[in-house]
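Me: I've got a model open and I'd like to learn how to read it feature by feature. Could you walk me through it?

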Amino acid sequence: MGNDAPSRRTALAALLSASLATGCSSGARSVASGGTATLRYFFWGDAGRAELINQCIAVFERDHRRIRIKTSFVGFDAYWQKVTTALAGGNPPDLLHVDYAWLRTFAHHDLLADLAELTGAGKEIDASAVVPALRTAGLIEGRRVGVPLSRNSIALMYDAGLYAEAGATPPDLKTGWETFVEQTARISKFTKGAQVGVDNPGQNYMGVEMWMMQHGRTAWTEAGQLGFTPDDLHGYLSFIERWRDAGGIAGARVILEAKPGAPVTARRAASMFEWDNQVGSRSEARGTRLKLTTPPTDTGTSGLYAKPGMLLSASGATPYRSEAAQFINFMINDRRVAKILGTNIGMAPTTRQEGAASTDDPFVRLTQGYEKRIAGVAAATPPAPGVGGSTLNVRLERIAEKLGYGVISVDEAVDLYFDQAKVVLS
């Protein structure tokens with residue numbers, strides 16, 4: 001798909017090469033008997049997030065005099081090239097954030113340390129307080145290759161003022177999808193096309209995953225294969241096409257013109273499906289305080305689940321696994337961390353940190369309130385995407401773009417997606 005696929009295949013090939021160099025490391029060295037260890041820590045985010053994480057590190061280093069943490073960060077899109085280059089070049093970080101879409105790929109190539117032996121009562125990592133819905137997040141084939149650093153859930157972020165002006169009603173779990181189509185089309189008509197009702201949920205994996213879970217499927221199986229069929233995807237994309245014809249969702253051109261932002265932040269759409277902890281940044285970019293609500297459903301199943309907003313892992317090559325594990329334990333269990341981070345990276349992953357974030361921030365209160373409302377209807381974390389799952393997500397975006405421009409039909413889009421899935425997942 002365009003020029004993106006070769007570069008990503010090259011990156012994955014580099015990962016495999018890196019595993020040959022790093023997979024045999026014992027990672028057993030420790031500074032428990034003396035000396036100081038300096039751990040390199042890679043994460044994605046902006047300068048604001050970096051400042052918060054550095055505040056957490058300062059607290060950790062005061063409590064752990066023999067461990068020093070050196071950070072390095074870039075934006076999300078540039079992060080994966082940075083990490084794969086470091087891994088392939090034999091200079092991996094000791095600690096790194098891993099997105100759920102990349103977890104199985106990294107684990108498959110033995111690039112992440114198995115922390116299972118360091119996890120448990122009296123060990124470096126105490127995972128007993130991890131919220132139940134996240135307990136399996138970070139486990140690949142019985143190996144503990146990551147620990148959830150946060151959690152979040154899909155929400156519909158919407159401009160309540162514009163919805164009200166247009167006479168449209170935001171959805172909840174008692175709203176069917178066809179009703180939501182009508183409401184979003186009402187907004188598009190009210191604004192004379194200046195803003196559509198909602199960003200296109202057929203443009204990325206988030207919408208597909210939510211739809212499949214509502215209809216008794218999963219995006220991925222435990223074996224890392226697709227959990228839905230061509231007929232399932234055809235049904236979803238056909239619905240998206242009808243929705244676009246009704247005028248309620250953003251077309252490909254609106255999405256393109258809004259980049260590098262989103263139609264909501266560019267004030268080209270009144271709402272979007274997004275991870276709930278992003279409501280503050282999306283509101284700031286739009287200039288309007290957005291609200292949160294659940295998606296509609298035709299089945300009574302929400303399609304929501306506890307997603308690890310990011311996972312914290314140790315490199316398979318680090319000689320300081322014990323020290324890395326101590327830092328991971330601090331980040332998931334210490335209440336001072338939750339107080340500093342708020343919901344910048346998502347909701348707290350453990351019951352020990354719950355309630356520690358300041359409620360002075362209205363977006364923290366908003367996210368916390370939403371999570372409480374959906375607690376009884378959100379599923380546990382589903383299986384991690386297959387090896388190459390992140391690449392397949394990019395392919396889906398490209399296919400959806402072609403479909404949006406009318407270059408291909410729904411039948412062709414489904415065939416193209418599953419043909420590419422065979423290649424990517426083989």
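Reply: Let's go from confidence to overall shape, then to sheets, a loop and a helix.

Me: Where do I start, and how confident is the predictor on average, by pLDDT, across the protein?

Reply: Start with confidence, since this is a predicted model. The protein averages a pLDDT of 91, and 92% of the residues score at least 70.

Me: Over which residues does pLDDT stay under 50?

Reply: Check the chain stretch by stretch. One such run is residues 1–14, where the model has 21 contacts beyond four places in sequence. Another is residues 16–28, with 20 contacts of that kind.

Me: Now the whole thing. How many helices and strands does the protein have?

Reply: Count the elements, then look at the overall dimensions. There are 15 helices and twelve strands. The radius of gyration is 22 Å, close to the 22 Å that the globule rule gives for 426 residues, so the protein is as compact as a globular protein of that length. Along its principal axes, the C-alpha trace spans about 70 × 50 × 35 Å.

Me: What share of the residues counts as buried?

Reply: For burial, the cut-off is under 20% relative accessible area. By that standard, 58% of the 426 residues are buried. Contacts add another view: among those between residues at least 6 apart in sequence, 77% join residues at least 24 apart.

Me: On to sheets. In what order do the strands of the five-stranded sheet come?

Reply: Read a sheet from one edge to the other, then check the pairing sense. This open sheet runs β2-β1-β3-β12-β6, with mixed pairing. Its edge strands, β2 (67–74) and β6 (147–148), each pair on one side only. Inside it, β1 (residues 37–44) and β3 (residues 95–98) pair in the parallel sense over two bridges, and Phe42 stands opposite Leu96 in β3.

Me: Which strands does helix α2 lie across?

Reply: Look for helices that touch the strands, then compare directions. Helix α2 (residues 47–63) lies across β1, β2 and β3, running at about 175° to β2. Helix α3 (residues 76–88) also lies across β1, β2 and β3, at about 140° to β1.

Me: What about a single loop residue: where does Gly75 lie?

Reply: Place the residue first, then look at exposure and contacts. Gly75 sits in the loop between β2 and α3. It is partly exposed because its relative accessible area is 36%, which falls between the 20% and 50% cut-offs. Setting aside neighbours within four places in sequence, Gly75 contacts Trp44 and Gly45. Phe43 is 32 residues away from Gly75 in sequence and 8.7 Å away in space, C-alpha to C-alpha.

Me: And the sheet of three strands: what is its pairing?

Reply: Same routine here. The order is β9-β8-β10, and the pairing is antiparallel. The edges are β9 (271–275) and β10 (291–293), each pairing on one side only. On average, neighbouring strands of this sheet are turned by 40° against each other, direction ignored. β8 (residues 154–158) and β10 share three bridges, and Met157 has Leu292 as its bridge partner in β10. Helix α10 (residues 279–286) packs on this sheet, touching β8, β9 and β10, and makes about 145° with β9.

Me: Last one: how far does helix α14 reach?

Reply: Compare the end-to-end span with the expected one. Helix α14 (residues 389–404) has 16 residues and reaches 22 Å from its first C-alpha to its last, close to the 22 Å expected at 1.5 Å a residue. Its buried residues include Leu392, Val394, Arg395 and Ile399. After α14 comes Gly406, with a positive phi near 80°.

Note on methods. Residues are numbered from 1 along each chain as its sequence is written. This is a predicted model: local features need pLDDT of at least 70, side-chain atom pairs count only at pLDDT 80 or more; totals for chains, interfaces and linings use all residues. Side-chain values use heavy atoms; hydrogens and water are left out. Two strands pair if DSSP finds at least two bridges between them. Helices (H or I, at least four residues) and strands (E, at least two) are DSSP runs, numbered from the N terminus. Contact means heavy atoms within 4.5 Å. Axes are lines fitted to C-alpha atoms, for helices over the stretch in contact, and angles run from 0 to 180 degrees between N-to-C directions. Buried means under 20% relative accessible area, exposed over 50%, partly exposed in between (1.4 Å probe, protein chains only). The expected span of a helix is 1.5 Å times one less than its number of residues. pLDDT is the predictor's confidence in each residue, from 0 to 100. The radius of gyration is taken over C-alpha atoms; the globule rule is 2.2 Å times the number of residues to the power 0.38.
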